[in-house]
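Student: I would like to go through the terms used for this model and see what each one rests on.
Tutor: Then let us take them in turn, with the structure in view.

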Amino acid sequence: MPDRYDLIVFDWDGTLMDSAAAIVAAILAASRDLNLPEPSEERARHVIGLGLSDALRHAVPELAESDYPLMVERYRFHYLSRDHELTLFPGAAAMIAQLAAMGRSLAVATGKSRLGLGRALEQTGLGPYFHTTRCADECFSKPHPAMLEEIMDELGIAKHRTLMVGDTTHDLQMAKNAGVQSLAVAFGAHPRAALEAEAPVEVLATPEELAAWLRDNA
């Protein structure tokens, strides 16, 4: 492990924002709207972090290709109806501010759309802290390495000085595909055992543990 990292890239949903339950609820509600079988919560949670089209294809395999636009519309309707209720995990804003004060370059790589991330950054006030961001509607979806590769190229930071922080196996596999170390959090979408199987540097159980680890090791 490097003595410190120059660049820390965060996933958004389930890592910085406590939104996994809202995403699952929106997938289930959209399925009901189209009279489709509701996926299990486990299946719906598994797709969090993917781009929306990929996520819905995996979560609701019964959906006809011609109905994807309607499914996306219904998902967004239900998600946005709760969007104003969503909050960052406790201490997340202070953690990001502290890392910025430590001189780290910060970025976001997310399955959200550009519009959705822009709204979230504005609502939380975290936008000014991030040097760059990548979204699923302008890049290959995770676990393809493109988001991380583009971020590192833009900021001129090497792979061995970069750390990816995420709550899903998609995040950790993206990091592995990009040749970057990863740090997992077990308070988001995917279970601890699945995260551990991807061999991240560490799996942290709470937002407080994440903030402490980054303070001491990043």
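Tutor: Two strands count as paired if DSSP finds at least two bridges between them. The model is a predicted one.

Student: What makes β5 and β6 a pair?
Tutor: Two bridges join β5 to β6 (residues 203-204), and the definition asks for at least two, so the two strands pair. They run parallel. In β6, Leu204 is the bridge partner of Val185.

Student: What joins β4 to β5?
Tutor: Four bridges link β4 (residues 162-166) to β5, and these strands run parallel. One partner in β5 is Ala184, which stands across from Gly166. Along the chain, β4, helix α8 (residues 169-178) and β5 make a right-handed β-α-β unit.

Student: Why is that unit called right-handed?
Tutor: With the strands pointing away from the viewer, the path from the first strand over the helix to the second runs clockwise in a right-handed crossover. The unit of β4, α8 and β5 is assigned that hand.

Student: Which strands are the edges of the sheet, and what makes them edges?
Tutor: Six strands form an open sheet in the order β3-β2-β1-β4-β5-β6, with parallel pairing. β3 and β6 are the edge strands, since each pairs on one side only.

Student: How do you know that β2 is enclosed?
Tutor: Buried means under 20% relative accessible area. Six of the six residues of β2 are buried, so the strand is largely enclosed by the rest of the structure. Both faces are covered: Ser105, Ala107 and Ala109 are buried on one side, and Leu106, Val108 and Thr110 on the other. For β5 (residues 181-185), four of the five residues are buried, and the strand is described as mostly covered.

Student: Which strands does β2 pair with, and over how many bridges?
Tutor: Four bridges join β2 (residues 105-110) to β1 (residues 7-10), running parallel. In that pairing Ile8 stands opposite Leu106, and Val9 stands opposite Ala107. β2 also pairs with β3 in the parallel sense over four bridges. There, the bridge partner of Thr110 is Cys135 in β3. The chain gets from β2 to β3 through helix α6 (residues 114-124), in a right-handed β-α-β crossover.

Student: Why are α7 and α8 called oblique to each other?
Tutor: Their axes come within 8 Å and cross at roughly 55 degrees. Roughly parallel needs an angle under 35 degrees, and roughly perpendicular one of 65 to 115. The angle of roughly 55 degrees fits neither class, so α7 and α8 are oblique. The crossing is right-handed. Met147, Leu148 and Met152 in α7 meet Met174, Ala175 and Ala178 in α8.

Student: What makes α1 oblique to α4?
Tutor: α1 and α4 (residues 68-83) pack at an angle of about 135 degrees, with their axes 8 Å apart. Roughly antiparallel would need over 145 degrees, and the perpendicular class stops at 115, so α1 counts as oblique to α4. α1 passes α4 in a right-handed crossing. Among the residues that meet are Ala22 and Ile23 in α1, with Met71 and Tyr75 in α4.

Student: Why is Ser40 only partly exposed, whereas Asn35 is exposed?
Tutor: Exposed means over 50% relative accessible area, buried means under 20%, and partly exposed lies in between. Ser40 has 42% relative accessibility, so Ser40 counts as partly exposed. Asn35 has 72%, and therefore counts as exposed. Both residues are found in the loop between α1 and α2. The C-alpha atoms of Ser40 and Leu28 are separated by 8.5 Å, at 12 residues apart along the chain.

Student: What is notable about the backbone of Asn35 and Ala199?
Tutor: Most residues other than glycine have a negative phi. Asn35 has a phi near 55 degrees, a positive value. Ala199 has a positive phi of about 55 degrees and is not a glycine either. Ala199 is found in the loop between α9 (192-196) and β6. With 63% relative accessibility, Ala199 counts as exposed because the cut-off is 50%.

Student: Which peptide bond is cis, and where does its proline lie?
Tutor: The bond from Lys142 to Pro143 is cis, with omega near 10 degrees. Pro143 lies in the loop between β3 (132-135) and α7 (146-155). Most peptide bonds are trans.

Note on methods. Residues numbered from 1 in each chain as written. Predicted model: local features only at pLDDT ≥ 70, side-chain atom pairs only at ≥ 80, totals over all residues. Heavy atoms only, no water. Buried < 20%, exposed > 50% of the residue type's maximum accessible area, 1.4 Å probe, protein only. Axes fitted to C-alpha atoms, helices over the stretch in contact; angles between N-to-C directions. Left-handed = near helix turned anticlockwise from the far one by under 90°. Contact = heavy atoms within 4.5 Å.
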